[in-house]
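Open the model in your viewer and keep the sequence panel beside it. The stops below say what to select and what is there.

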Amino acid sequence: MATNTLIQRKVREYETFLNDRLRADLQRAWSERDRLFSDIAEYERLRGTLNTLNDLYKSRRETDMDDSLQTQIDLGCSFFVQAECPVNDRIFISVGFGLFCELTYEEGRTFIENKLPYLREQEAELSKKIAHIKANIKLVLEALKEIQTIDDKKLQTTVSHF
């Protein structure tokens with residue numbers, strides 16, 4: 001009977017590890033990867049916006065120098081407001097840690113072309129980490145199944161002796 005108690009304690013330890021550690025790690029990794037997907041999509045949209053603004057800046061005529069650009073700005077949660085800004089060749093881009101840099105459109109595109117591969121590399125690493133965590137979860141589940149099978153076999157052997 002002492003071995004049965006020992007087996008039950010081990011099962012509880014494995015279940016606790018599975019639920020408290022592995023599944024929590026998996027959830028955090030999924031959240032981080034989702035954030036990276038969002039950042040990648042945002043930089044892709046920014047690249048398109050920069051191309052549009054650059055084309056607009058280059059195509060304006062001498063007589064249009066004082067014209068302003070009519071646009072809508074997303075304040076968050078898809079809440080847009082009308083905005084008017086002068087057409088120029090510079091834009092502020094968030095470079096991380098709450099810092100913004102004023103860059104030309106070409107510098108902004110260069111920054112984005114350097115940032116996107118870095119973000120995609122991080123996404124690939126997180127995907128590997130997620131796969132590793134899932135493999136560990138399957139391993140623990142198989143170990144639990146085997147421990148419980150051993151426990152069942154011992155119970156059947158014990159019952160058949162009586």
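Select S1 and S2. These strands run antiparallel and pair over 7 bridges. S1 covers residues 68–74, and S2 covers 80–86. Pick out two cross-strand positions. Leucine 69 faces cysteine 85 in S2. Threonine 71 lies opposite alanine 83, also in S2.

Now go to the turn. S1 and S2 form a hairpin with 5 residues between the strands. Stop at glycine 76, where phi is positive, near 125 degrees.

Colour by pLDDT next, since this is a predicted model. The average for the protein chain is 86, and 87% of the residues score at least 70. Which element has the lowest mean pLDDT, and which the highest? Strand S1 is lowest, with a mean of 82, while strand S4 (residues 99–104) is highest, at 94. Where pLDDT is low, the coordinates should not be read in detail.

Move on to S3 and S4. Their pairing is antiparallel too, over 6 bridges. Select phenylalanine 92 and find its bridge partner in S4, glutamate 102. The two strands make a hairpin with 2 residues between them. In that turn, phenylalanine 97 has a positive phi of about 55 degrees.

Show pockets. The largest one holds about 970 Å³ of space. Its lining counts 27 residues; closest to the centre are Leu46, Thr49, Leu53, Ile73 and Ile91. Which elements give two or more residues to this lining? They are H1, S1, S2 and S3. H1 supplies the largest share, 9 residues.

Hide the pocket and select the largest nonpolar core. It has 25 residues. Leu18, Leu50, Ile91 and Ile137 have the most contacts inside this core. Three elements to colour here are helix H1 (2–59), strand S3 (90–96) and helix H2 (105–161), which give it two or more residues each. Pause on Ile91: it belongs to this core, and it is also among the residues closest to the centre of the largest pocket.

Finish on leucine 18. What does this residue touch beyond its neighbours within four places in sequence? Display Arg23, Ile137, Val140, Leu141 and Leu144: leucine 18 is in contact with each. Ile137 appears here as a partner of leucine 18, and it is listed with leucine 18 among the residues with the most contacts in the core.

Terms used: Residues numbered from 1 in each chain as written. Predicted model: local features only at pLDDT ≥ 70, side-chain atom pairs only at ≥ 80, totals over all residues. Heavy atoms only, no water. Core = buried A, V, L, I, M, F, W, Y, C linked by side-chain atoms within 4.5 Å. Buried < 20%, exposed > 50% of the residue type's maximum accessible area, 1.4 Å probe, protein only. Helix = DSSP H or I, 4+ residues; strand = E, 2+ residues; numbered from the N terminus. Contact = heavy atoms within 4.5 Å. pLDDT = per-residue confidence, 0-100. Pairing = 2+ DSSP bridges. 1 Å grid on protein atoms, 1.4 Å probe; cavity = no way out; pocket = protein on both sides within 12 Å on 5 of 7 lines; lining within 4 Å. Points joined across faces, edges and corners; volume = space filled by probe spheres on them.
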